[in-house]
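I opened this model to look up two things, the surroundings of a DNA strand and the setting of two residues in one chain. My notes follow the structure.

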There are 2 protein chains.
Amino acid sequence: MGRTAQISRAAILSAGLAIADEHGLTAVTMQAVARRLRVTPMALYRHVANKDDLLDGLVERLLAEVSPPAAGLPWQERLAAMAHGIRATATRHPGVFMLLLSRPAVTGEALGARESVYAALREAGLDPDQVARTERLLSTMILGFAASEAAGRFARHPAAVRDADFACLLEWVGHLIDAAAR
Amino acid sequence: MGRTAQISRAAILSAGLAIADEHGLTAVTMQAVARRLRVTPMALYRHVANKDDLLDGLVERLLAEVSPPAAGLPWQERLAAMAHGIRATATRHPGVFMLLLSRPAVTGEALGARESVYAALREAGLDPDQVARTERLLSTMILGFAASEAAGRFARHPAAVRDADFACLLEWVGHLIDAAAR
DNA sequence: ACCTGAACACCGTTCAAGT
DNA sequence: ACCTGAACACCGTTCAAGT
């Protein structure tokens, strides 16, 4: 602690995520991040290419937070665990979550999550040529719900109603997979 | 035409929407809108409270574009027509469409669309206490798909694949409603 | 009533300079 | 190698002034 202020990409992302959680995504400016790290804004450019790169880093952080499903569980529970994890991440970081929709999932974390869903769907008995499409639509349903909730589209409904909505959505997912695997 | 440049809220929204369609939402600045109207940025504030009000206006414009379903058709076709209309609007205005998720639907247009879905679901035979929840989840599915596509989440898949995905999603919607009305 | 000019605090980013 | 100071073009917005 006796040293002069140190900085790193990890510290920058943590500061940016904290600001987004506290004051919204628009409050995440280079100056605000720098201020929180007690550094001039220009110091950030040593560790981050530009602001877009910083935002990409925040998305990475979110994806890393979605805990991978515990192997060994039946596929239904693995899918449900992933869905709950995504929703929890969205409510924890509502500001940043919107970025997930606009940035294609190309990081290792995101690809791993997709593979997990593929495995679960194959285990459920889906035709191999149906797996990819089903994964796209199912993740659209879950991401769409989580993003809507995070963005405040259901803000006038109490949490209990939103919980019941989500449970209903998961039930639908189960039925759809059963029907596809018939 | 011989007059000096005239301005109005409608003209401002049209200019903003055109800029968003051509260069993305970030290009919609007060200065860019003013430049397109051949006016100083400060002139806009006579007709628009601030930039947030301008963005709200753009969302209104999008909602007004989703054509209401033709009455007289069976409920399945009315719902499908609305879904296609939403998707078409999203692909026409991808930049602005993201805003739809973050701004709660409180305008007359949005409430009317919701009522149309309610009517269709009642006609399908849903329990009255299931109608509101089902509407929320169905619109989440459609909006989620349209937003994902507009934001580029499916950009690496050709249009034919995305069309088939959407058709599959609509088929699911039909099955879910049938099951709920059983 | 409607538009302009000048001004302010704030952005993202570059470049030369310090240590 | 890493941070700073000064600078630039660009934001949103306010206020007094023009017509």
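**Around DNA strand D**

I listed the residues near DNA strand D (near: a heavy atom within 4 Å of it) and found 16, of which Thr40(A), Met42(A), His47(A), Met30(B) and Lys51(B) come nearest. Of the atoms of DNA strand D that come within 4 Å of the protein, 60% belong to sugar and phosphate.

I kept in mind that this is a predicted model, in which local features need pLDDT of at least 70 and side-chain atom pairs pLDDT 80 or more, while totals for chains, interfaces and linings use all residues. Side-chain values use heavy atoms, without hydrogens or water.

I then went through the phosphate oxygens of DNA strand D: one lies 2.8 Å from a polar side-chain atom of His47(A), one is 3.0 Å from a side-chain N or O atom of Tyr45(B), and a polar backbone atom of Lys51(B) is also found 3.0 Å from a phosphate oxygen.

**Two residues of chain A**

I looked up Thr89(A), which sits in helix H4, residues 75-92 of chain A (helices are DSSP runs of H or I, at least four residues, numbered from the N terminus). Thr89(A) is buried (under 20% relative accessible area), at 1%. Beyond its neighbours within four places in sequence, Thr89(A) is in contact (heavy atoms within 4.5 Å) with Leu62(A), Glu65(A) and Val66(A).

I placed Ala64(A) in helix H3, residues 51-65 of chain A. Ala64(A) is partly exposed (between 20% and 50% relative accessible area, 1.4 Å probe, protein chains only), at 45%. Its C-alpha atom is 6.2 Å from that of Glu109(A), although 45 residues separate Ala64(A) and Glu109(A) along the chain.

Key
Residues are numbered from 1 along each chain as its sequence is written. Chains are lettered from A and ligands numbered from 1 in the order in which they are written. A polar contact is a pair of N or O atoms within 3.5 Å; within protein, one must be able to donate a hydrogen and the other to accept it, and residues adjacent in sequence count only if both atoms are side-chain atoms.
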